[in-house]
Amino acid sequence: MCSTKGVQGGNCNRTACQKPNAIWYNVGTFKYYCRNCAIMIQRSANDYGIQCHEPPMVLFEGIFDPLDPRHELDRKNR
Ligand SMILES: [Zn+2]
């Protein structure tokens, strides 16, 4: 079977999730994720940065930016 896991607009790259409409690009893994997983992964990166006194890695650009047009896309896809 042809997999759409992790591709833009395909299924979330997180194995435990794999929801459709993966539109959030992770610059660390070069794969696409759904909104929930993108938020979860970015939050843990932020927490790591705080713990280690480092600037947090930006894995998902725009995930915490309410003006990012992809939030609107997620609403339509729901
Ligand atoms: Zn997901």
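**Entry 1: Gly6.** I began with Gly6, which lies in the segment before β1, the strand formed by residues 24–26. The model I am reading is a predicted one. I asked whether Gly6 is buried or exposed. Gly6 counts as buried, because 20 C-beta neighbours lie inside 10 Å, and 20 or more is what the term requires. I then looked up the partners of Gly6, setting aside neighbours within four places in sequence: Asn13, Ala22, Lys31 and Tyr32 are in contact with Gly6. I also took one distance, from Gly6 to Ile23: the two residues are 17 apart in sequence, and their C-alpha atoms are 9.1 Å apart in space.

**Entry 2: the order of elements.** I next went through the protein chain as a whole. I found two strands and two helices, and from the N terminus on they follow the order β-β-α-α. I noted that the radius of gyration is 13 Å, close to the 12 Å given by the globule rule for 78 residues, so the protein chain is as compact as a globular protein of that length. Along the principal axes, the C-alpha atoms fill a box of roughly 45 × 30 × 15 Å.

**Entry 3: burial and contacts.** I looked up what share of the 78 residues counts as buried, and the figure is 24%. For contacts between residues at least 6 apart in sequence, I recorded that 24% join residues at least 24 apart.

**Entry 4: the largest nonpolar core.** Which residues touch the most other members of this core? The core has 13 residues, and I listed Ala22, Trp24, Tyr32, Tyr33, Cys34, Cys37 and Ala38 as those that do. I then traced the elements that give two or more residues to this core: they are β1, β2 (31–33) and α1 (35–51). The largest share, three residues, comes from α1. As background, I noted that nonpolar side chains tend to be buried together in soluble globular proteins.

**Entry 5: Ala38.** From the core list I picked out Ala38. Apart from neighbours within four places in sequence, Ala38 is in contact with Trp24, Tyr33, Phe60 and Ile63.

**Entry 6: Pro66.** I closed with Pro66, and asked where its place is. Pro66 sits in the loop between α1 and α2, the latter being residues 69–77. Pro66 counts as exposed because it has 7 C-beta neighbours inside 10 Å, and the term covers residues with 12 or fewer. I last looked up Pro66 and Val7, which are 59 residues apart along the chain; their C-alpha atoms are separated by 23 Å.

Notes. Residues are numbered from 1 along each chain as its sequence is written. This is a predicted model: local features need pLDDT of at least 70, side-chain atom pairs count only at pLDDT 80 or more; totals for chains, interfaces and linings use all residues. Helices (H or I, at least four residues) and strands (E, at least two) are DSSP runs, numbered from the N terminus. The radius of gyration is taken over C-alpha atoms; the globule rule is 2.2 Å times the number of residues to the power 0.38. Two residues are in contact if their C-beta atoms, placed from the backbone, lie within 7 Å. A nonpolar core is a set of buried Ala, Val, Leu, Ile, Met, Phe, Trp, Tyr and Cys residues joined through C-beta atoms within 7 Å.
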